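Hi,

Here is the structure I said I would pass on. Have a look at it first, and then read my notes underneath.

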Amino acid sequence: MKRVLRCVRCKKEYQLNKQGYTCECGGLLEVKIKERADLTHLKNTWRNRRLSNKAIDQSGVWRYKEFVFDFNEEEIVTFPEGNTNLYELPENLLDVRKLFAKHEGENPTGSFKDRGMTVGISFAKKLGYKTVMCASTGNTSSSMAAYASRAGLKSIVFIPEGKIAYGKLSQTLAYGAKTIQIKGDFDDAMKAARNIAQDYKIYLLNSINPIRLEGQKTIVLQLLDQLNWEVPDWIVLPGGNLGNTSAFGKVLKELKEFGFIEKAPCLAVIQAENANPFYRAFKTSFKEFAPVKAETVATAIRIGNPVNYEKALKSIQFTHGVVEEVSDREILLSKMEIDSLGIGCEPASAASLAGAKKLREKGIIKQEDTVVLILTGNILKDPDTTINFHLGNIQGIPESLLNAPTLIKNRQDDIRKEIERILEEV
Ligand SMILES: *Cc1c(COP(=O)(O)O)cnc(C)c1O
Ligand SMILES: [Zn+2]
């Protein structure tokens, strides 16, 4: 299908291979599908592709390629990614009709970033780039490093000083990205990367890149596929740079235009209390927007100046969605609940449950609603936070919730006594 880049502000159109990531008016660009085809038969095509052993059919991104890009098989760099489970959770966790969690932490490098990266890296290769770059709090860099290695491209990463979870840093280094730590936070690193990518012939793979976001749309496509196209009332997701928020709104709009769904689910975007510029803007009905200095234990959303603001607000407006904020304590308590189900996630992902709880308490999410939480990253991304929680190193967490190891002498009597204590516990 024919596609162009289009400015979300002034609607000016550009070729897909345009250099740079914004319009001459300063607006963000998005991919516009130009043909208006009847795509409803695709629901079956997508199902049938699951029977195929081809990597591009096995990929939970490229299986939906009609909504992503019509690349040839040999142009695609895939692991394959994107076949993430949709778990039914106990409804009493939120007191709603049905509660699901879609676990994007089950992607090859442990976060949803892989869905965008397979598209971004394939496109970079097609355009003849030799080097790719990103600024990252850790998951984008892990993903980019892995896909760049698979594609034989050089990768350069800007990360903020400190505050990068060890799972993510270790992946980035191990997969071979040249890693530059900037004295500053993510927003400083982002600015540096944008400047450099413009001056050298380097392909920038942050979510400002509209090609990457086309891949992230498949979270929603696959989620609806898994629900047999029964549209939930809410999709709840954490918001940092707001790439997912933008991609989700975009695909829901397309699905409605193409006649796949009649009504879009409401998006609920959750931010950390001290990294909440989108929440603040929402509170002014998007009349005002001001960057903040971001701080939170959920490092993946420790972002004060989200580059996709302009697109994300359209997603909220189109879906009649909401933006909520939660404290670090609420994030960690929700993470503990998700972890203890045997599912687990990194801190930023748990913001979705924490925010859903708050919206449920306020009556915005209702008892009769079906709710899908997006768990964005794997529990192993940030082991330090999990361990500090259970060792009681985080203030304000009740001791009854901790699960610290017990240290005992290596003596039969002591071991038996401890086992008996555990067996008697309720
Ligand atoms: C990137 C990331 C986010 C934030 O997503 P945005 O699209 O930037 O809003 C949230 N959680 C995890 C685990 C991430 O890796
Ligand atoms: Zn423009």
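Let me start with a small puzzle: is Cys-345 buried or exposed? Cys-345 is buried, because its relative accessibility is 0% and the cut-off for that class is under 20%. Cys-266 lands in the buried class too, because its relative accessibility is 15%. As for disulfides, I found zero in the structure. Do keep in mind that this is a predicted model.

On to the ligand. Ligand 1 has 16 residues around it, and those that come nearest are Lys-113, Asn-139, Gly-240, Leu-242 and Thr-376. Three of these are worth pulling up on your screen:

- Lys-113 uses its side chain, with an N or O atom 2.6 Å from an oxygen atom of ligand 1.
- Asn-139 also uses its side chain, and here the distance from an N or O atom to a ligand 1 oxygen is 2.7 Å.
- Gly-240 comes in through its backbone, where an N or O atom lies 2.7 Å from an oxygen atom of the ligand.

Then there are the pockets. The largest pocket holds about 470 Å³ of space. It is lined by 26 residues, and Arg-6, Glu-30, Lys-32, Lys-250 and Lys-253 are the closest to its centre. Four elements each give two or more residues to that lining: strand S3 (29-33) and helices H7 (210-216), H9 (243-257) and H11 (309-319). Which of them gives the most? That would be H9, with seven residues. By residue class, the lining of the largest pocket has 14 charged residues, nine nonpolar and three polar.

The second largest pocket has about 330 Å³ of space. Its lining is made of 17 residues, with Asp-187, Arg-194, Asn-305, Pro-306 and Val-307 closest to the centre. Helix H6, which covers residues 186-199, gives the most to this lining, namely four residues. The make-up here is nine nonpolar residues, five charged and three polar.

If you only have a few minutes, I would go to ligand 1 and the side chain of Lys-113, then turn to H9 and its seven residues in the lining of the largest pocket. After that, take a look at H6 beside the second largest pocket, where it gives four residues to the lining.

Send me your thoughts whenever you get a chance.

Cheers

How values were computed: Residues numbered from 1 in each chain as written. Chains lettered and ligands numbered in written order. Predicted model: local features only at pLDDT ≥ 70, side-chain atom pairs only at ≥ 80, totals over all residues. Heavy atoms only, no water. Disulfide = S-S within 2.5 Å. Buried < 20%, exposed > 50% of the residue type's maximum accessible area, 1.4 Å probe, protein only. 1 Å grid on protein atoms, 1.4 Å probe; cavity = no way out; pocket = protein on both sides within 12 Å on 5 of 7 lines; lining within 4 Å. Points joined across faces, edges and corners; volume = space filled by probe spheres on them. Nonpolar A, V, L, I, M, F, W, Y, C, P; charged D, E, K, R; others polar. Near = heavy atom within 4 Å. Polar contact = N/O pair within 3.5 Å; in protein donor to acceptor, adjacent residues only side chain to side chain.
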